[in-house]
Amino acid sequence: MARPVRDGLLLGLAVGLSGLAFGAAAVSAGLSVWQTCVLSLLAYTGASQFALAGTIAAGGSLLAGSVGAILLGSRNTLYSLRLANLLQVRGLSRLLAAQGVTDESTALALAQPDRAAARAGFGATFASLYLTWNAATLAGAISAGSIGSPQSFGLDVIGPAAFLALIWPRLSAGGTERGVAILGAAIALATTPLLPPGAPIILAALAALAATLASRPGSAS
């Protein structure tokens, strides 16, 4: 088995297990089992789904929860712009590929040395994560009343830990990428006490924008 495929399958399996926490949290917040499962099937973006469930659990409206979820999911649009040139998916397959754009599939694809490896890693991560996430969502939703607090499992740390493992080689290389990471982390840490979960990550993307503008010809003049 090629390394990108193996890494993608393992990453998807590990991160997808956090769907158990989402399924339990969503049903505890008031969603039905079928509503919870449809949300995972169609929305398929963990941070947005948790934000929606959290808003409803706190007494917020479905509209408010949906707006927050859409805001958090907007980062996938930026990922898609980067991946479009790398993966070069054509025709109707672009719709399927768009569904598979997540933090994990993007990071694994970008970590590959060539287009073929990137496409293999992206596809393996998408397939593994999508299937595991939805299966875990169903299991969590059905057993919501018997597994206790979803937070007690600590599943929310799996995604960030796996993502950090993927990008660590780039960060350890130093240079601009390390500077972007440090600035992004500072933005996220500074805004975490002030903003809803997930929003600081979106703002952290400003670090990459700042680096891009700084690297443009004539920016130092």
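Visitor: At what angle do α5 and α6 pack, and how far apart are their axes?
Guide: About 25°, with the axes 4 Å apart. Axes here are lines fitted to C-alpha atoms, for helices over the stretch in contact, and angles run from 0 to 180 degrees between N-to-C directions. This is a predicted model, where local features need pLDDT of at least 70 and side-chain atom pairs count only at pLDDT 80 or more, while totals for chains, interfaces and linings use all residues. Residues are numbered from 1 along each chain as its sequence is written, and side-chain values use heavy atoms, with hydrogens and water left out.

Visitor: So is α5 roughly parallel or roughly antiparallel to α6?
Guide: Roughly parallel. The classes are under 35 degrees for roughly parallel, over 145 for roughly antiparallel, 65 to 115 for roughly perpendicular, and oblique for the rest.

Visitor: Which residues make that contact?
Guide: Leu-71, Leu-72 and Gly-73 from α5, and Arg-75, Asn-76 and Thr-77 from α6. Contact means heavy atoms within 4.5 Å. By class, two are nonpolar, three polar and one charged. Ala, Val, Leu, Ile, Met, Phe, Trp, Tyr, Cys and Pro count as nonpolar, Asp, Glu, Lys and Arg as charged, and the others, Gly among them, as polar.

Visitor: Now α4 and α5. How do those axes cross?
Guide: At roughly 160°, coming within 8 Å. α4 spans residues 46–57 and α5 spans residues 62–73. That makes the two roughly antiparallel. The crossing is right-handed, meaning that the near helix is turned clockwise from the far one by less than a right angle (anticlockwise would be left-handed).

Visitor: What residues does α4 bring to it?
Guide: Ala-47, Ser-48, Ala-51, Leu-52, Thr-55 and Ile-56. The α5 side includes Leu-62, Ala-64 and Gly-65. The class count is eight nonpolar, five polar and no charged residues.

Visitor: Stepping back, how many helices and strands are there?
Guide: 13 helices and zero strands. Both are DSSP runs, numbered from the N terminus: helices are H or I with at least four residues, strands are E with at least two.

Visitor: And what share of the chain is buried?
Guide: 37% of the 221 residues. Buried means under 20% relative accessible area, exposed over 50%, and partly exposed in between, with a 1.4 Å probe and protein chains only.

Visitor: How much of the contact count comes from residues 24 or more positions apart?
Guide: 72% of the contacts with a separation of 6 or more.

Visitor: Where does Gly-12 sit?
Guide: In helix α1, residues 3–16. Gly-12 has a relative accessible area of 0%, so it is buried. Its C-alpha is 7.1 Å from that of Phe-126, 114 residues away in sequence. Beyond neighbours within four places in sequence, Gly-12 contacts Thr-125, Ser-128, Leu-129 and Thr-132.

Visitor: Thr-132, then. Buried or exposed?
Guide: Buried, because its relative accessibility is 14%. Thr-132 belongs to helix α9, residues 115–142. Outside its neighbours within four places, Thr-132 touches Gly-12, Leu-13, Gly-16 and Leu-17.

Visitor: What about the backbone at Tyr-44?
Guide: Tyr-44 has a positive phi of about 45°, yet is not a glycine. Most residues other than glycine have a negative phi. Tyr-44 is in the loop between α3 (33–42) and α4. It is buried, with a relative accessible area of 4%.

Visitor: And what phi does Gln-88 have?
Guide: Positive, about 50°, and Gln-88 is not a glycine. Gln-88 lies in the loop between α6 (75–87) and α7 (93–99). At 29% relative accessibility, Gln-88 counts as partly exposed.
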